[in-house]
Amino acid sequence: AHRLWCVWELFVRFAFAPEQVTAELVVVRPLAASPSLTPLADLALTFDANEAHCYDPNEEARLRKVIEALGTRAFNFRIRALLKRVST
């Protein structure tokens, strides 16, 4: 499962600042023993907000309302593009 809050924070950061500037500021570091960003690059192809969750179900419900207002498909598309950009 993926962490919805983390993805949401990336989405908001890119929404309120020029994409080029934000991409330069976002530093992605793998948490696993492998120094590869391959899992992130893979996620950039497959991310689905419906598979991401929050620890707190109340927070998750609030985030989902906003995501659904934008459109889950559009949100997924945008997140995939952002992940692709920061994983290269």
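## A single salt bridge

One salt bridge is counted in this predicted model, under the rule that a side-chain nitrogen of Lys or Arg lies within 4 Å of a carboxyl oxygen of Asp or Glu. The pair consists of Arg64 and Glu60, whose closest N and O atoms are 3.1 Å apart. Both belong to helix 4 (residues 57-70), where a spacing of four residues separates them by about one helical turn; helices here are DSSP runs of H or I with at least four residues, strands are runs of E with at least two, and both are numbered from the N terminus.

Arg64 is buried, with a relative accessible area of 17%, and Glu60 is likewise buried at 13%, where buried means under 20% relative accessible area, exposed means over 50%, and partly exposed covers the range in between, using a 1.4 Å probe and protein chains only. Beyond residues up to four places away in sequence, Glu60 touches Leu4, Ala52, His53 and Cys54, a contact being defined by heavy atoms within 4.5 Å.

## Basis of the model

The model is predicted, so that local features need pLDDT of at least 70 and side-chain atom pairs count only at pLDDT 80 or more, whereas totals for chains, interfaces and linings use all residues. Residues are numbered from 1 along each chain as its sequence is written, and side-chain values use heavy atoms, with hydrogens and water left out.

## Overall architecture

The protein contains five helices and two strands, and from the N terminus on its elements follow the order β-α-α-α-β-α-α. Of its 88 residues, 30% are buried. Among contacts with a separation of 6 or more, 74% are between residues 24 or more positions apart.

The exposed area is about 6,200 Å², of which carbon and sulfur atoms supply 58%; accessible areas come from the Shrake-Rupley method with a 1.4 Å probe, and for residues only the protein chains shown count as cover.

## Packing against helix 5

Two packed helices are described by the angle between their axes and the distance between the axes. The axes are lines fitted to C-alpha atoms, for helices over the stretch in contact, and the angles run from 0 to 180 degrees between N-to-C directions. For helix 1 and helix 5, the axes come within 10 Å and cross at roughly 85°. That makes the two helices roughly perpendicular, since angles of 65 to 115 degrees are classed in this way, while those under 35 count as roughly parallel, those over 145 as roughly antiparallel and the rest as oblique. Val7, Trp8, Leu10, Phe11 and Phe14 of helix 1 meet Phe75, Arg78, Ile79, Leu82, Leu83 and Val86 of helix 5.

The axes of helix 4 and helix 5 come within 6 Å and cross at roughly 95°, and this pair is therefore also roughly perpendicular. Here Ile67, Glu68 and Leu70 of helix 4 make the contact with Thr72, Ala74 and Phe75 of helix 5.

## The largest nonpolar core

The largest nonpolar core has 20 residues, of which Leu4, Trp8, Phe47, Phe75, Ile79 and Leu83 touch the most other members; such a core is a set of buried Ala, Val, Leu, Ile, Met, Phe, Trp, Tyr and Cys residues joined through side-chain atoms within 4.5 Å. Helix 1 (4-15), helix 3 (38-46), helix 4 and helix 5 each supply at least two residues of this core. Leaving aside neighbours within four places in sequence, Leu83 is in contact with Leu10, Leu40, Leu43, Ala44 and Phe47.

## The segment after helix 5

Ser87 is found in the segment after helix 5 (72-86) and is buried, with a relative accessible area of 14%. Its C-alpha atom is separated by 9.7 Å from that of Leu43, although the two residues are 44 residues apart along the chain.
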